[in-house]
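Here is a friendly walk through this structure, set out as numbered points. Please keep the model open beside you as you read.

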Amino acid sequence: MPKLTPLEDDAYSAAHDGVHRTVLEILRAHFGPTAVVQQQIGDYTGLTKSVPASNLAAVAAASLTADHARTQAGQWVRAARAEGTSWTQLATALRFNDDQDGDLAELAFETVAGKPEPLEKKSITWDCGTCGAAVIDYGPYERNPQDDEKGHTEDCARHQAAIADYDAATGQ
Ligand SMILES: [Zn+2]
């Protein structure tokens, strides 16, 4: 897995610059070229930087960017689950760590599916990369793959391996 956790400095600055560029692009696309203006850097440098003409419009553009980042992360989470990535691995990629209260794998699931009310079950769906079947993923709550993932074919090698691991871990 690419090492984005803890975030390396170059990934951090790429994210910062990318979001700044995206916000300015949104403003230009929506309001036209005057939505971005040049601001002088310091008093005597003669250098300028591109900044939003309206801070209020920039807030809206940054918020829209954050919404799309979350949506796209959710799509990649589903694709990663289809490939066989665990919720624990996804928790690391989603930058959850031991500072958070609660089970990290469950927090990763709830990022995409939402937090279930007591007695409620949330789910997401993806097509299993191994057996090709549409799987309903109820998150990592039960720890038993037969309860947490419904829809794999009887002979799905990935699902059978997960069940064997669970049985070995629980002494069944
Ligand atoms: Zn399967």
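1. Let us start with the sheet. Strands β3, β4 and β5 form an open sheet in the order β3-β4-β5, with antiparallel pairing. Its edge strands are β3 and β5 (149–150), each of which pairs on one side only. Strands here are DSSP runs of E with at least two residues, helices are runs of H or I with at least four, and both are numbered from the N terminus. Two strands pair if DSSP finds at least two bridges between them.

2. A word on what you are looking at. This is a predicted model, in which local features need pLDDT of at least 70 and side-chain atom pairs count only at pLDDT 80 or more, while totals for chains, interfaces and linings use all residues. Residues are numbered from 1 along each chain as its sequence is written.

3. Back to the sheet, pair by pair. Four bridges join β3 to β4, and these strands run antiparallel. Across this pair, I124 stands opposite D137 in β4, and W126 stands opposite V135. The hairpin of β3 and β4 has six residues between the strands, and there G132 takes a positive phi near 85°. On the other side, β4 (residues 134–137) is joined to β5 by two bridges, again antiparallel. D137 stands opposite E149 in β5.

4. Which side chains of β4 point to the buried face? They are V135 and D137, whereas A134 and I136 point to the other face and are not buried. Buried means that 20 or more other C-beta atoms lie within 10 Å of the residue's own; exposed means 12 or fewer, and partly exposed is in between, with C-beta atoms placed from the backbone.

5. Now step back to the whole protein. It has six helices and five strands, which follow the pattern α-β-β-α-α-α-β-β-α-β-α along the sequence. The C-alpha trace spans about 75 × 30 × 30 Å along its principal axes. The radius of gyration is 22 Å, where a compact globule of 172 residues would have one near 16 Å. That radius is taken over C-alpha atoms, and the globule rule is 2.2 Å times the number of residues to the power 0.38. Of the 172 residues, 15% count as buried.

6. How is the protein divided? There is a domain 1 (1–83) and a domain 2 (86–172), with bounds from an automatic or database domain assignment. Their centres, taken over C-alpha atoms, are 32 Å apart. Contact between them involves 10 residues of domain 1 and 12 residues of domain 2. The side of domain 1 that touches domain 2 has five nonpolar, two polar and three charged residues. Here Ala, Val, Leu, Ile, Met, Phe, Trp, Tyr, Cys and Pro count as nonpolar, Asp, Glu, Lys and Arg as charged, and the others, Gly among them, as polar. Two residues are in contact if their C-beta atoms, placed from the backbone, lie within 7 Å.

7. The largest nonpolar core has nine residues: V77, W87, L90, A91, F96, A105, A108, F109 and V112. Such a core is a set of buried Ala, Val, Leu, Ile, Met, Phe, Trp, Tyr and Cys residues joined through C-beta atoms within 7 Å. Both α3 (87–93) and α4 supply at least two of its residues, and α4 gives the largest share, four. Setting aside neighbours within four places in sequence, A105 is in contact with W87, T88, A91 and P140.

8. Finally, two loop residues. L119 lies between α4 (104–113) and β3 (124–127), and it is exposed because 5 other C-beta atoms are within 10 Å. From L119 to T65 the C-alpha distance is 34 Å, with 54 residues of separation in sequence. D43 sits in the loop between β1 (36–41) and β2 (47–52). Why does D43 count as exposed? The reason is that D43 has 6 C-beta neighbours inside 10 Å. The C-alpha atoms of D43 and A169 are 66 Å apart, and these residues are 126 apart along the chain.
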